[in-house]
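Reader: Hey, got a minute to walk me through this one? I'd like the DNA contacts, then the fold, then the aromatic rings.

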Protein chains: 2
Amino acid sequence: MFKKILIAEDFQDTNKGIVEALENRLQIEFIQEELYCDKAYNRFKLAYENGEPYELLITDLTFKESHVTRRLTSGKELINIVKNIDQNIKVIVNSMIDNTVEINSLFTEQKINGYVCKGRNSLNELINAIQEVYHNRTFVSPQLNLNSASSVFEMDKYDLMILKDLSEGYTKKEISEKLKRQNISPNSESTIDKKVSKLFDEFGAKNTHHLIAKLIKQGKI
Amino acid sequence: MFKKILIAEDFQDTNKGIVEALENRLQIEFIQEELYCDKAYNRFKLAYENGEPYELLITDLTFKESHVTRRLTSGKELINIVKNIDQNIKVIVNSMIDNTVEINSLFTEQKINGYVCKGRNSLNELINAIQEVYHNRTFVSPQLNLNSASSVFEMDKYDLMILKDLSEGYTKKEISEKLKRQNISPNSESTIDKKVSKLFDEFGAKNTHHLIAKLIKQGKI
DNA sequence: TTTTGCTTTACGGATATCTGTAAGGGATTG
DNA sequence: CAATCCCTTACAGATATCCGTAAAGCAAAA
């Protein structure tokens, strides 16, 4: 089993819950917990340079702002910089985000090894994930059904981009121009209109305000 | 100190973290943890009817949906129904919501005794809150500054209602009609226009889409 | 009472949205 | 080749938004 694990999680109660479980239910020799991405990175780097690297990083994705000025503000940034230094470290993400597009990109782009979605069984799942990852397998919380887009409607990257832009205050005309500049097709205002209208039906929204609100609340944007 | 405490929190890791801290740092004889509002309510009711009521309820506000059909879906509902049966029970809310309007209304309407905002020190704050509430005082996470509307722009209840309706897909015309039916004044479409435009400036939003997205992400809606 | 200041309201014009219809462009199939 | 399907695009009309101006209402101050 892993001997050195690093945990980055900003909620103190959650953090303690994880540490407690790892100490009691797995025989981990050394567990280091941190509440800030920056501090976690410093721990990682120091250990790496001393030739005693962490074998596993367990991190959240979102971290609250604080009075302390921070270089790293999200778990994704932390993973990127850590993986850039140590390609061998294993990474498990423990977050409440359940947007499958987002999670898929963590596996393909950040090359994470496991994803646990916070919930009523997530501590058990995390233990499970650690064991799987230790044996060089990947783990994803079973309720997510990553590859089978079976259950509900899902947005592709294109839809996601449009909705993100809309939620940032861009008009459809501006988005159309932006897509043309970036040579992304389709890019007509009309098509954007259609795409968004389709999403109204799929998500049961009355208009764009409603759709944006729903998607943000669902953590999809 | 309290002898019987009931905890309602749906994230397993957070739940365990809280229980662990209460067991180790306070001498609580009996702690019951539940992952569902409904189950917490059942525990509460049974104990009350047996003449051995819980003295303190610690609850989250938001609970994830699940396959299990639920009557109670939020901490607010749980508090209402519990307080309705037992006026003596003390309530501490432990949530990540930091919207001061919302929190204030929990104190005035749900008559809660303490509010702890999840974060890097929230476990210590929770211990503190329990001790304060035990001595019949109230507790609010210090970083919140509830009464001093000092720092950033805050919305009053009126603004909040309008933004909530907009985010649910109502047009300003519909909202105007709704306000008139409820005899709430002001209620002209024009005034609603002005109010929203003013919020654009205060929150640095380009349009309504942008404003709604920002406010939801800040947890204000 | 008049003045002043603030909020609410009405209204109009420019812009954006939402929602049809219709036309054009591939790709696939028979 | 034609037929079909699906996606993209153009366009147009109805509705909604954004934003300015101006008038009306109201309360406190002069």
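Author: Sure, here are the ground rules, and then your questions one at a time.

Author: This is a predicted model, so local features need pLDDT of at least 70 and side-chain atom pairs count only at pLDDT 80 or more, while totals for chains, interfaces and linings use all residues. Residues are numbered from 1 along each chain as its sequence is written, chains are lettered from A and ligands numbered from 1 in the order in which they are written, and side-chain values use heavy atoms, with hydrogens and water left out.

Reader: Ok, DNA strand D. How many residues surround it, and which are closest?

Author: There are 15 residues around DNA strand D, and the closest are Pro186(A), Ser190(A), Lys194(B), Phe200(B) and Thr208(B). A residue is near a strand if one of its heavy atoms lies within 4 Å of it.

Reader: Which elements supply that surface near DNA strand D?

Author: α8 (189-203) of chain A, plus α7 (172-181) and α8 (189-203) of chain B, each supply at least two residues. α8(A) has the largest share, four residues. Helices here are DSSP runs (H or I, at least four residues), strands are E runs of at least two, and both are numbered from the N terminus.

Reader: What about residue classes in the surface near DNA strand D?

Author: Two nonpolar, seven polar and six charged residues. The nonpolar class is Ala, Val, Leu, Ile, Met, Phe, Trp, Tyr, Cys and Pro, the charged one is Asp, Glu, Lys and Arg, and the others, Gly among them, count as polar.

Reader: And what share of the strand D atoms within 4 Å of the protein is sugar or phosphate?

Author: 60% of those atoms belong to sugar or phosphate, and the rest to bases.

Reader: Give me some polar contacts for strand D.

Author: A polar contact is a pair of N or O atoms within 3.5 Å; within protein, one must be able to donate a hydrogen and the other to accept it, and residues adjacent in sequence count only if both atoms are side-chain atoms. Ser188(A) has a backbone N or O atom 3.2 Å from a phosphate oxygen of DNA strand D. Lys172(B) puts a polar side-chain atom 3.1 Å from a sugar or linking oxygen of the strand. For a base, look at Asp193(B): an N or O atom in its side chain is 3.1 Å from a base nitrogen of DNA strand D.

Reader: Now strand C. Which residues are closest there?

Author: Lys194(A), Thr208(A), Pro186(B), Ser190(B) and Thr191(B) are the closest of the 15 residues that surround DNA strand C. Of the strand C atoms that come within 4 Å of the protein, sugar and phosphate account for 57%.

Reader: Any bases touched by side chains in strand C?

Author: Lys194(A) has a polar side-chain atom 2.7 Å from a base oxygen of DNA strand C, and Asp193(A) has one 3.4 Å from a base oxygen. Lys173(A) goes to the backbone instead, with a polar side-chain atom 3.4 Å from a phosphate oxygen.

Reader: Which element gives the most to the surface near DNA strand C?

Author: That's α8(B), with four residues.

Reader: Switching to the fold. What's in chain A?

Author: Nine helices and six strands. The six strands form an open parallel sheet in the order β2-β1-β3-β4-β5-β6. Its edge strands are β2 (30-34) and β6 (139-140), each pairing on one side only. Two strands pair if DSSP finds at least two bridges between them.

Reader: How about β3 in chain B, are its residues buried or exposed?

Author: They're buried: Leu56(B) and Ile58(B) point one way, and Leu57(B) and Thr59(B) the other. Buried means under 20% relative accessible area, exposed over 50%, and partly exposed in between (1.4 Å probe, protein chains only). Four bridges join β3(B) to β1 (residues 4-8) of chain B in parallel, and Ile7(B) has Ile58(B) as its bridge partner.

Reader: Last topic, aromatics. How many pairs are there?

Author: Eight over all chains. Take Phe30(B) and Tyr54(B): their ring centres are 6.3 Å apart and their planes at 35 degrees, so the pair is tilted. Rings of Phe, Tyr and Trp (its six-membered ring) pair with centres within 6.5 Å; planes under 30 degrees apart are stacked, over 60 edge-to-face, and the rest tilted.

Reader: Buried or exposed, that Tyr54(B)?

Author: Tyr54(B) counts as buried at 4% relative accessibility, whereas Phe30(B) is partly exposed at 36%.
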